[in-house]
Amino acid sequence: MIQRDDSDAANRERWHQTLDQLHDTQVIDAADQNSLIRHYDERARNLEQELARIAPEYLRRVREDGEASANQWLAETATAMGRRGAAETRQVLAGVSPAD
């Protein structure tokens with residue numbers, strides 16, 4: 001498994017602080033705040049799992065197809081991962097409504 005470093009923890013803490021501010025100023029309610037926290041944590045876990053899954057494939061491609069080809073595959077794979085993550089985030093954000 002990929003090790004999380006201090007920057008991951010710092011990013012998560014900043015995300016929590018931002019959500020706390022949005023909740024405190026009544027921009028989002030507690031349910032939405034919790035939903036966004038869960039989504040962030042889920043995306044982080046999914047990213048770790050996806051990176052662990054594609055790393056061996058990338059190394060295999062470097063060995064068998066060369067670095068340029070492997071890098072092209074990696075760029076395409078990363079783009080697809082980003083698009084999936086963005087679509088999931090848009091879906092979560094669509095469910096967030098201003099607090100009453």
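User: Let's start with helices H1 and H2. How close do their axes come, and at what angle do they cross?

Analyst: Keep in mind that this is a predicted model. Here the axes of H1 and H2 come within 10 Å, and they cross at roughly 165°. Angles over 145 degrees count as roughly antiparallel, so H1 and H2 are roughly antiparallel to each other.

User: And which hand does the crossing of H1 and H2 have?

Analyst: H1 passes H2 in a right-handed crossing.

User: Which residues do the touching there?

Analyst: From H1 you have Asp8, Asn11, Arg12, Trp15, His16, Leu19, Asp20 and His23. They meet Ala30, Gln33, Leu36, Ile37, Tyr40 and Asp41 in H2. Sorted by class, the residues of this H1 and H2 contact are six nonpolar, four polar and four charged.

User: I see aromatic residues in that list. How many aromatic pairs does the structure hold?

Analyst: The structure holds one aromatic pair. The ring centres of Trp15 and Tyr40 are 5.9 Å apart. Their planes stand at 20°, so the pair is stacked.

User: What do I need to look at when I describe such a pair in general?

Analyst: Two things: the distance of the centres and the angle of the planes. For the angle, planes under 30 degrees apart count as stacked, and the 20° between Trp15 and Tyr40 is what puts this pair there.

User: Where along the chain do Trp15 and Tyr40 sit?

Analyst: Trp15 is in helix H1, residues 6–24, and Tyr40 is in helix H2, residues 30–65. That puts them 25 residues apart, so the pair links distant parts of the chain.

User: Are those two rings' residues buried or exposed?

Analyst: In between, as it turns out. Trp15 has 26% relative accessibility and counts as partly exposed. Tyr40, at 24%, also counts as partly exposed.

User: What about Leu19, is it buried or exposed?

Analyst: Leu19 lies in helix H1, and it is buried, with a relative accessible area of 0%. Setting aside residues up to four places away in sequence, Leu19 touches Ile28, Gln33, Leu36 and Ile37.

User: How far is Leu19 from Asp29?

Analyst: Their C-alpha atoms are separated by 9.8 Å, and the two residues are ten residues apart along the chain.

User: Now the backbone. What sign does phi usually have?

Analyst: Most residues other than glycine have a negative phi. In this model, Gln26 has a positive phi of about 60° although it is not a glycine.

User: Where is Gln26, and is it buried or exposed?

Analyst: Gln26 is placed in the loop between H1 and H2. With a relative accessible area of 56%, Gln26 is exposed.

User: On to H2 and H3. How do I read that packing?

Analyst: Use the approach and the angle again. The axes of H2 and helix H3, residues 67–94, come within 10 Å and cross at roughly 165°. H2 and H3 are therefore roughly antiparallel to each other, and their crossing is right-handed.

User: Which classes of residue make up the contact of H2 with H3?

Analyst: That contact has twelve nonpolar, eight polar and eight charged residues.

User: Can we end with some single positions? What is the case for Arg60?

Analyst: Arg60 lies in helix H2 and counts as partly exposed at 25% relative accessibility. Its C-alpha atom is separated from that of Thr25 by 50 Å, with the two 35 residues apart along the chain.

User: And in H3, where do Gln91 and Leu93 stand on accessibility?

Analyst: Gln91 is placed in helix H3 and counts as exposed at 63% relative accessibility. Leu93 is also in helix H3, where it counts as partly exposed at 46%.

User: How far apart in space are Gln91 and Ala9, and what about Leu93 and Asn46?

Analyst: C-alpha to C-alpha, Gln91 and Ala9 are 25 Å apart in space, and 82 residues apart in sequence. For Leu93 and Asn46, 47 residues apart along the chain, the C-alpha atoms are separated by 18 Å.

Notes:
Residues numbered from 1 in each chain as written. Predicted model: local features only at pLDDT ≥ 70, side-chain atom pairs only at ≥ 80, totals over all residues. Heavy atoms only, no water. Phe/Tyr/Trp six-rings, centres within 6.5 Å; stacked < 30°, edge-to-face > 60°. Helix = DSSP H or I, 4+ residues; strand = E, 2+ residues; numbered from the N terminus. Buried < 20%, exposed > 50% of the residue type's maximum accessible area, 1.4 Å probe, protein only. Axes fitted to C-alpha atoms, helices over the stretch in contact; angles between N-to-C directions. Parallel < 35°, antiparallel > 145°, perpendicular 65-115°, else oblique. Left-handed = near helix turned anticlockwise from the far one by under 90°. Contact = heavy atoms within 4.5 Å. Nonpolar A, V, L, I, M, F, W, Y, C, P; charged D, E, K, R; others polar.
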